[in-house]
Amino acid sequence: IDVTGCGNTLDLRHPVVCRMVLDSLRYWVQEMHVDGFRFDLAPVLAREAGGFDAQATFFAALAQDPVLAGAKLIAEPWDIGAGGYQLGNFPPRWLEWNDRYRDTMRAFWLRRDVTLGAFAMRLAGSSDLFRHGRRPATASVNFITAHDGFTLHDLVSYRDRHNEANGEGNRDGHADNLGCNCGVEGPTADADICALRGRLQRALLATLLLSQGTPMLLAGDELANTQSGNNNAYCQDNPVGWLDWEGADAAQLAFVQEVIALRKRFPALSQGAWHNAPADAGDDVALTWLSPCGPMQSHHWQACDCIGALLETRADGQRCLLLFNADPAPRAFCLPPGAWSVLLDSARGDGGHADVQAGSFTVPAQAVVLAVSIPAAKAQ
């Protein structure tokens, strides 16, 4: 049968087929020294007589294999067969591509048509999908773009796909990309539109890299690489599908490096443990959601513009404050008590703000801000 769209599908229920696949994986680990595998259309691996089964023969064999026991396993958790969408249903050891994260973040920043409740759920690791069976928040592979679809640059430069060169009458590739062209379809010399596109890319990149879970960055997005609006460039072995190293956006690359460094520097930004809101006394990291005017109230969750997340590590008292403003206008935000140092402002592409005391802080339009608390002794 064909549940991949790529031709015949191997039947891993058969012991000879299962052995062949396991032998192949062991070869790549032992001889080629790979760290792990990302499985395309991964529900195929677990299709038993009754459909997808998280206790499938292949999963069981893989779990007990001594060579593969330490390999990283990442699933694209959908195929095109009946019952093929299985996001959140893989065994505990697996990580899964989270397309709901992708769609929510695109909708928040580019369309402003998703609630703060949905945004917060995805930002905090998608507990509705992965907080079961002792799975950590890192089971969610967060992404904005992938090898299928628009690049990040094209996501904010095109509203529609432009796949004419693929020879299928522009019918291939996804038709609904939740993209935004910022007023002009494709390239433009308009300085304001170019600035807006850069700002949106940085906001999306900062959101991705500062979310709980495992971030996945499409190669070239850190360089603002373009495919000229082609969102299905697998068949373009030419400049359309290649990375343009000479045309790399050095400022965007530096910004991505900066955000990655901040993620590594502050443990609260990349926890595997789940955060509770309100926080429990036993939590290693306390999470508090904030509206521009203070703690989130029930009616705030249906808005779609501005939210804050305060993360505090119990061990050392370090506090990280993330502020997200999707509004096209700046927003005043009431800071929690204490003194704060702004380390990142995606609107500017860097930090650079002076230290600020508790009070009102203006979050730039369509921007992500990261601030950390200043110990009282240093603030004096």
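**Stop 1: the largest cavity**

Select strand S8 (285-291) and strand S10 (306-313). Each of these strands supplies at least two residues of the lining of the largest cavity. The model you are viewing is predicted. Now add the full lining: Leu123, Ala124, Leu210, Ser211, Gln212, His275, Leu287, Trp289, Ala309, Leu311 and Leu322. The space they enclose has a volume of about 60 Å³. Colour the lining by class. Eight residues are nonpolar, three are polar and none is charged.

**Stop 2: Ser291**

Stay with S8 for a moment. Select Ser291, which has its place in this strand. Is Ser291 buried or exposed? Its relative accessibility is 1%, so Ser291 counts as buried; the cut-off for buried is under 20%. Show what touches Ser291. Leaving out residues up to four places away in sequence, the contacts are Met296, His300 and Phe333.

**Stop 3: the second largest cavity**

How many cavities of 30 Å³ or more does a search of the whole structure find? There are two. For the second largest, select Ile144, Thr145, Leu152, Leu204, Leu205, Leu208, Met216, Leu217, Leu218 and Asp221. About 40 Å³ of space lies inside this second largest cavity. Next, highlight helix H7 (residues 191-209). H7 gives the largest share of this lining, three residues. By class, the lining has eight nonpolar residues, one polar and one charged.

**Stop 4: the open sheet**

Switch to a cartoon view. Look for five strands that form an open sheet, in the order S1-S4-S5-S6-S7. Their pairing is parallel. Which strands sit at the edges? They are S1 and strand S7 (214-215), each of which pairs on one side only.

Now walk across the sheet, pair by pair.

- Select S1 and S4. They run parallel and are joined by four bridges. Pick out Gly36, which stands opposite Lys72 in S4.
- Move on to S4 and strand S5 (residues 95-98). Two bridges join this parallel pair. Here Ile74 stands opposite Leu95 in S5.
- Then take S5 and strand S6 (residues 140-142). They pair in the parallel sense over three bridges. Find Glu96 and its bridge partner in S6, Ser140.

**Stop 5: helix H2**

Select helix H2 (residues 57-64). Show the side chains of Phe58, Phe59, Ala61 and Leu62, which are the buried residues of H2. Why do they lie on the same side of H2? The reason is that they cover an arc of only 165 degrees around the axis. A general point helps here: an α-helix has 3.6 residues a turn, so residues three or four places apart point the same way.

Turn the helix around. The face away from the buried side of H2 carries the exposed residues Ala63 and Gln64. Then ask what covers the buried residues of H2. The cover includes H1, strand S3 (51-52) and strand S4 (72-75). S4 is a strand you have already met, in the open sheet.

**Stop 6: the second largest pocket**

Select helix H1 (15-30) and strand S1 (36-39). Each of them supplies at least two residues of the lining of the second largest pocket. S1 gives the largest share, three residues. This pocket holds about 310 Å³ of space. Its lining has 16 residues, and the closest to its centre are Leu10, Leu12, Asp40, Val44 and Leu45. Colour by class again: eleven residues of the lining are nonpolar, three are polar and two are charged.

**Stop 7: the largest pocket**

Finish at the largest pocket. About 730 Å³ of space lies in it. Select Glu76, Trp78, Asp148, Gly149 and His174. Of the 31 residues that line the largest pocket, these are the closest to its centre. Now highlight helix H3 (residues 99-111). H3 gives the largest share of the lining, four residues. How does the lining of the largest pocket divide by class? Eleven residues are nonpolar, ten are polar and ten are charged.

Conventions:
Residues numbered from 1 in each chain as written. Predicted model: local features only at pLDDT ≥ 70, side-chain atom pairs only at ≥ 80, totals over all residues. Heavy atoms only, no water. 1 Å grid on protein atoms, 1.4 Å probe; cavity = no way out; pocket = protein on both sides within 12 Å on 5 of 7 lines; lining within 4 Å. Points joined across faces, edges and corners; volume = space filled by probe spheres on them. Nonpolar A, V, L, I, M, F, W, Y, C, P; charged D, E, K, R; others polar. Buried < 20%, exposed > 50% of the residue type's maximum accessible area, 1.4 Å probe, protein only. Arc of directions from axis to C-beta. Contact = heavy atoms within 4.5 Å. Pairing = 2+ DSSP bridges.
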